[in-house]
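Q: I am new to this structure and would like a close look at one part of it. Please take the part named below as the starting point and then connect it to the rest.

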Amino acid sequence: MSLKVPSRLFCVASAILVAAGCGRHQPPPPPPPFVGTTVAAFGTIAPSQSLAGIIAPYENVAIQSSLVEPADAVNVQEGDVVRKGQVLAQLDTADLQAQLQSDTATADSNRANTSHAVFQGSLTIAQGVDALKSDQAAVGQAQQTLTNDRQNLDRDTNLLKQGYVSQQSVDQQSTTVRNDEHALDAAEATLAGARSNVQANGSLSGSGLQAAAVQQSQAQEDVAIAQARQVQVSIAKATIYSPIDGVVVNRNINPGEYPGNRQIFTIQQTDPVYAVLHGSSAQVADIKPGAPATVVASDVHATHLSGAVVGVLNQVVPGSTDFIVKVLLQNPGHRLRSGTAVQGRVALPVLRGVRVPETAFIDDNHDTLLTVGLDGTVKTVKVSEVGSDGLTSVIAGIPSGTRIVSNGQSSVGDGEKVSYRQ
C-alpha cells in the first residue's frame, strides 16, 4: 500500500505538466528570404570593347623648300586654320626671273639657229643634187666626145693605109682620143664625188649631214627650253601653298630668312581625325575593320563622336603586348585636338547564346552565378563569359531556362532556401 501513493502523485504531477504545456503556443519558423531572380534565356547581344587612347591628326604634313631664296612674306601664324591651296609664304624670285629671261633668250636664239639650219640644209641638198645632174651631163658629153674621136681615129687609120692621110694626122687623132679618155675619167670622178656628196647630205626628213645639223640645233633648242621650264618650276615653288585643309602647328620661317634644309611649316589635318586606341591582344582579337565605334572626350565637355574602325595595327613595340585600333572620326569645327585623351567603345560581332544580366555574377571575374532550384535551394555554379554588351552577358555552363539570382551580391549562400516570384 505504501507503493501506491507515490504512483498517484507521479500521475498527478504529469497531468499538471501536460496541462501547463498545452497552455503555451510555439512560434512558427521564419519564412525563407525573398530574392529577385531571372531565367537565363537563349538570345543575342551586341557586345563591345572599351579602350582608352588619344586623338591623332588624319595627316601630318611637314613642309620644306629646296630653293635658296629668302622669304618675302609669311602669311600665317601657328594655330591658324588654313585651306588647301592657301598661300602660306612667298619666297623672293628676282634671281629666278633673271635666269628665266636668260634661258628664254637662249631658247629663242637656238630656235633661230634651227630655222637657219633647215634652210641651209635645204639649200645644200638642192645644190648637191644640181651638181650631180651637171656632172652626169658632163660624163655623158665626155663619153660622146670620146666615141666620136675614136671613130675618127679608126677612119684616119684606114685612110693612112690607103695613103690618103699622113702619119702625123693619125698621131694627132690618137692624142685626141687619149685626151678624151682622160677627160671622161675626170668627169666620172667628179660625178662620183657628186653622188657621195648627195648621199652624205641625205634629206631633212631622213638621215645625213644636213638632217644631223638640224637635229643638233633642235637639241640645243630643247635644252634651253628645258632649262627655262625648270626655272619656271622653281618660280612656282617659291609660292608655298598648303597641301591640305588643316591647322598650322609649326611655323619656322620669317620674312627675310632663307628656308635652308629645315622644316618651315607643319600642317595637321584635324577633320577628320583618328582616335588611336590601345589594347591588349585579347581586347583587340575580335575587333574588325569597319566596326562601329563611339569615342568620348571627357576633357572636351564630354564630347561624343561616332566613327568606324579603319585598322587594327600590330604591336607598337616589338615584343610588347600593346596593340592599336584606329578609328576614323569626323571632327567638324576641329572640336577635338591632337593629343586629347579619349575613351572609345568599339562594337564587336553579334553573339548568340544563353544570356544573363551582368549583375548576376558574384565576382569581378564573371565566372560564378547563383542558381535557384525548384525547391528554392540556392546553388553556386561556375560558368564562363563569352561576351558582354555592358548590361547582358552571353555565358557557357548552364542551360537555357535555368533560374538564377539577379543580384549576385545578395546575402544568400550555397544551399540556402529562398523564396522568389514565379
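In which loop is His 366 found?

A: The model is a predicted one. His 366 is found in the loop between strand S14, residues 351–357, and strand S15, residues 368–372.

Is His 366 buried or exposed? The relative accessible area of His 366 is 18%, and buried means under 20%, so His 366 counts as buried. The backbone at this place can be described as well. Most residues other than glycine have a negative phi, and most peptide bonds are trans. His 366 has a positive phi, near 55°, and is not a glycine.

A second histidine can be set beside this one. His 334 also has a positive phi in a residue other than glycine, with a value near 55°. His 334 lies in the loop between strand S12 and strand S13, the latter covering residues 341–347. Its relative accessibility is 27%, so His 334 counts as partly exposed.

Strand S12, residues 323–329, also borders the loop that holds Gln 315; on the other side of that loop is strand S11, residues 303–313. With a relative accessible area of 35%, Gln 315 is partly exposed. If neighbours within four places in sequence are set aside, Gln 315 is in contact with Ser 320, Asp 322 and Phe 323. Gln 315 and Ser 411 are 96 residues apart along the chain, and their C-alpha atoms are separated by 44 Å.

Ser 410 lies in the segment after strand S19, which covers residues 403–405. Ser 410 has 22% relative accessibility and therefore counts as partly exposed. From Ser 410 to Ala 56 there are 45 Å in space, C-alpha to C-alpha, and the two are 354 residues apart in sequence.

Another backbone feature is in strand S9, residues 265–279, which contains Pro 272. The peptide bond that joins Asp 271 and Pro 272 is cis, with omega at about 5°.

The helices H2, H3 and H4 come next. Two packed helices are described by the angle between their axes and the distance between the axes. Helix H2 covers residues 94–162 and helix H3 covers residues 167–201; their axes are 8 Å apart, and the packing angle is about 160°. Angles over 145 degrees count as roughly antiparallel, and H2 and H3 are therefore roughly antiparallel to each other. In the contact of H2 with H3 there are 18 nonpolar, 15 polar and 8 charged residues. The crossing of H2 past H3 is left-handed.

H2 also packs with H4. Their axes come within 8 Å and cross at roughly 165°. H2 and H4 are therefore roughly antiparallel to each other as well. The contact of H2 with H4 has 13 nonpolar, 17 polar and 3 charged residues. H2 passes H4 in a left-handed crossing too.

How well do the helix lengths agree with what their residue counts predict? H2 has 69 residues, which at 1.5 Å a residue should span 102 Å; the end C-alpha atoms of H2 are 101 Å apart, so the values agree. H3 has 35 residues and an expected span of 51 Å, and its end C-alpha atoms are 51 Å apart, which agrees. For the 29 residues of H4 the expected span is 42 Å, and the end C-alpha atoms of H4 are 42 Å apart, which again agrees.

Two glycines follow these helices. Gly 163 comes after H2 and has a positive phi, near 85°. Gly 202 comes just after H3, and its phi is positive, about 65°.

The buried residues of H3 and H4 can be listed too. An α-helix has 3.6 residues a turn, so residues three or four places apart point the same way. In H3, the buried residues include Val 170, Gln 173, Val 177, Asp 180, Leu 184, Ala 187, Leu 191 and Ala 194. Asn 201 of H3 is buried as well. The buried residues of H3 pack against H2 and helix H4, residues 209–237. In H4, the buried residues include Gln 210, Val 214, Ser 217, Glu 221, Ala 224, Ala 228, Val 231 and Ile 235. The buried residues of H4 pack against H2, H3 and strand S7, residues 239–241.

Key
Residues are numbered from 1 along each chain as its sequence is written. This is a predicted model: local features need pLDDT of at least 70, side-chain atom pairs count only at pLDDT 80 or more; totals for chains, interfaces and linings use all residues. Side-chain values use heavy atoms; hydrogens and water are left out. Axes are lines fitted to C-alpha atoms, for helices over the stretch in contact, and angles run from 0 to 180 degrees between N-to-C directions. Helices (H or I, at least four residues) and strands (E, at least two) are DSSP runs, numbered from the N terminus. Angles under 35 degrees count as roughly parallel, over 145 as roughly antiparallel, 65 to 115 as roughly perpendicular and the rest as oblique. A crossing is left-handed if the near helix is turned anticlockwise from the far one by less than a right angle, and right-handed if clockwise. Ala, Val, Leu, Ile, Met, Phe, Trp, Tyr, Cys and Pro count as nonpolar, Asp, Glu, Lys and Arg as charged, and the others, Gly among them, as polar. The expected span of a helix is 1.5 Å times one less than its number of residues. Buried means under 20% relative accessible area, exposed over 50%, partly exposed in between (1.4 Å probe, protein chains only). Contact means heavy atoms within 4.5 Å.
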